[in-house]
Amino acid sequence: MMNRRLSNATVPELPAATAVPSYDRNSIAPGIVHLGVGAFHRAHQAVYVDDCLAAGETDWGIVGVSLRSPDTRDALAPQDGLYTLAVRSSGGEQLRVVGSILSMLVAPEDPGAVLAMLTDPRTRIVTLTITEKAYLRAAGGGLDAAHPDIVHDLANPHAPKTAHGFLREALARRRAAGTPAFTVLSCDNLPANGATLHRLLVEFAALHDAASGDADLARHIADEIAFPSSMVDRIVPATTDADRARIAGELGVEDAWPVMTEPFCQWVIEDDFPTGRPAWEKLGATMVGDVEPFEDMKLRLLNGSHSAIAYLGLLSGHATVDRAFADPTIRQFVDRLWAEAIPTLPEDAGLDTAAYTAELAERFSNTALAHRTAQIANDGSQKLPQRIVASAVECIEAGTELVHLTLVVAAWIAACAARGKTLPEAHFTDPLDAALTPLLGQQLPANETVAAVFDLAGFARDHAERQTLIELVAVHLVHLRRDGPALAFAALGIESE
């Protein structure tokens with residue numbers, strides 16, 4: 001039975017076809033602290049940094065921080081931080097060992113060690129992939145000051161739990177020590193992610209300042225700390241035991257947590273790094289003055305259609321994206337969804353939406369990824385506002401066609417209601433489940449259900465046409481309840497081929 005692990009010691013034994021770090025890992029210094037080391041970070045930012053290290057920029061190694069679970073640290077620590085990236089397409093698979101993560105910390109175990117690394121003068125960039133829900137926003141978009149973790153961090157600044165708490169305390173310590181502030185680079189999938197995090201952290205710091213009688217740090221963060229926005233894109237399915245077994249067979253050693261991904265990779269970054277950055281533009285990233293047009297295109301065309309494929313796919317019995325996208329009715333629907341969303345994008349930003357959607361169609365058809373619809377379906381109440389609702393509101397304001405976007409919202413509601421019935425219980429989850437599940441269990445009339453869900457999730461809050469949006473979603477929900485996606489598609493003139 002194989003029991004040797006991937007590590008610095010076993011890298012020389014790997015098959016010649018496997019790409020391995022071409023640099024001396026012992027000569028790498030940490031320069032980036034990353035909060036939220038999940039599969040996406042390891043398939044995306046860590047790969048760009050790996051390329052920088054290979055190009056000779058040896059002072060940008062990553063120290064990873066898990067804010068919750070020790071799982072990633074427990075998998076990677078025995079492997080010296082190494083892991084396998086499996087780039088999969090319908091034509092085959094290429095394996096690459098990534099070495100940019102130098103070490104891993106688990107915040108709940110030792111918050112002091114995390115703060116020490118964040119205050120280390122070598123740390124010049126802090127990147128984040130903590131997911132939308134970890135930004136801890138209230139329904140109105142501001143900081144959820146009543147959240148238990150926020151309350152804890154305000155009372156215990158030296159032992160924080162949240163990204164807000166760690167960033168505020170680290171910036172306070174750096175300022176007191178005369179150490180230049182790091183740049184905070186959000187890589188999460190939400191609009192204006194840098195500006196959003198900046199605003200929330202200023203709110204958090206202001207609460208701390210008020211409690212401590214010091215009103216200065218919030219101003220310092222507001223005026224002097226860089227929070228560039230970025231747009232990230234790469235499909236990263238969850239790793240399965242079958243993936244682990246296959247890759248172990250290819251490598252001849254075990255890898256506790258390899259990462260699966262697609263060939264496509266995109267990173268658009270606002271170029272605002274006062275204390276320096278890697279030369280990411282030489283390695284495929286796009287450095288720009290304004291990320292917003294790119295992120296809007298990605299959120300509304302890629303992420304919006306991903307959510308549509310996920311919820312309609314689940315309701316149609318499709319377990320993966322490629323199978324759902326191969327369904328002629330879903331494929332027709334996605335084409336129409338794109339046609340409805342594209343007019344909401346700026347015309348003067350140089351976006352090539354035709355080429356982008358053609359590339360998306362190819363990516364969604366990748367049979368090697370097995371990207372689970374249930375994985376994409378998670379956290380819909382947090383994702384749909386920027387992916388779908390924003391486009392729908394703009395369509396209403398512009399008076400353009402609006403029937404396909406609203407079906408996605410209805411499909412999310414129907415898929416949530418189907419859990420424990422036609423879908424397995426907890427097949428996917430949502431931060432609002434504690435309130436959402438009993439609400440959907442009441443089987444209220446469609447319009448009452450949709451209105452209650454909109455109230456709960458804060459969709460289109462305070463918008464003049466909110467009721468119009470509710471009514472449009474409710475029509476689709478009636479169809480979905482009566483006869484599933486088939487009737488909803490038929491009502492849109494989409495028939496099975």
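Contact here means heavy atoms within 4.5 Å. With that settled, let's walk through this predicted model, starting with a small sheet and the helices around it.

**The sheet and its helices**

Helix α9 (residues 241-251) lies across β3, β4 and β9, and runs at about 105° to β3. Those strands form an open sheet in the order β4-β3-β9, with mixed pairing. Which strands stand at the edges? They are β4 (92-98) and β9 (259-261), and each has a single partner strand, so one side of each is left without a neighbour in the sheet. On average, neighbouring strands of this sheet are turned by 25° against each other, ignoring direction.

Zooming in on one pair, β3 (residues 83-89) and β4 run antiparallel to each other, joined over seven bridges. Helix α2 (residues 45-54) packs on the sheet too, touching β3 and β4, and its direction makes about 65° with that of β4. As for a particular bridge, T84 finds its partner in β4 at V97.

Here are the angles involving helices, side by side:

| Helix | Set against | Angle |
|---|---|---|
| α2 (residues 45-54) | β4 | about 65° |
| α9 (residues 241-251) | β3 | about 105° |
| α10 | α12 (residues 328-341) | roughly 145° |

**A helix pair**

Now for the last row of that table. The axes of α10 and α12 come within 10 Å and cross at roughly 145°, and the crossing is right-handed. On the α10 side, the contact is made by R300, L301, G304, S305, A308, I309, L312 and G313, while α12 brings in I330, F333, V334, L337, W338 and A341. Sorted by class, this contact has ten nonpolar, three polar and one charged residues.

**The second largest pocket**

Helix α10 turns up again here. Along with α16 (404-418) and α19 (466-491), α10 (292-315) supplies at least two residues of the lining of the second largest pocket. Which helix gives the largest share of that lining? That would be α19, with five residues.

The pocket itself has a volume of about 280 Å³. Its lining counts 16 residues, and L315, A414, A418, L480 and R481 are the ones that lie nearest its centre. How do the lining residues divide by class? Eleven are nonpolar, three polar and two charged.

So much for the tour, with α10 as the link between its last two stops: α10 crosses α12 and also contributes to the lining of the second largest pocket.

Methods: Residues are numbered from 1 along each chain as its sequence is written. This is a predicted model: local features need pLDDT of at least 70, side-chain atom pairs count only at pLDDT 80 or more; totals for chains, interfaces and linings use all residues. Side-chain values use heavy atoms; hydrogens and water are left out. On a 1 Å grid over the protein atoms alone, a cavity is a set of points where a 1.4 Å probe fits but cannot get out, and a pocket is an open set with protein on both sides within 12 Å along at least five of seven lines; lining residues have an atom within 4 Å of a point. Grid points are joined across faces, edges and corners, and a volume is the space filled by probe spheres set on the points. Helices (H or I, at least four residues) and strands (E, at least two) are DSSP runs, numbered from the N terminus. Ala, Val, Leu, Ile, Met, Phe, Trp, Tyr, Cys and Pro count as nonpolar, Asp, Glu, Lys and Arg as charged, and the others, Gly among them, as polar. Two strands pair if DSSP finds at least two bridges between them. Axes are lines fitted to C-alpha atoms, for helices over the stretch in contact, and angles run from 0 to 180 degrees between N-to-C directions. A crossing is left-handed if the near helix is turned anticlockwise from the far one by less than a right angle, and right-handed if clockwise.
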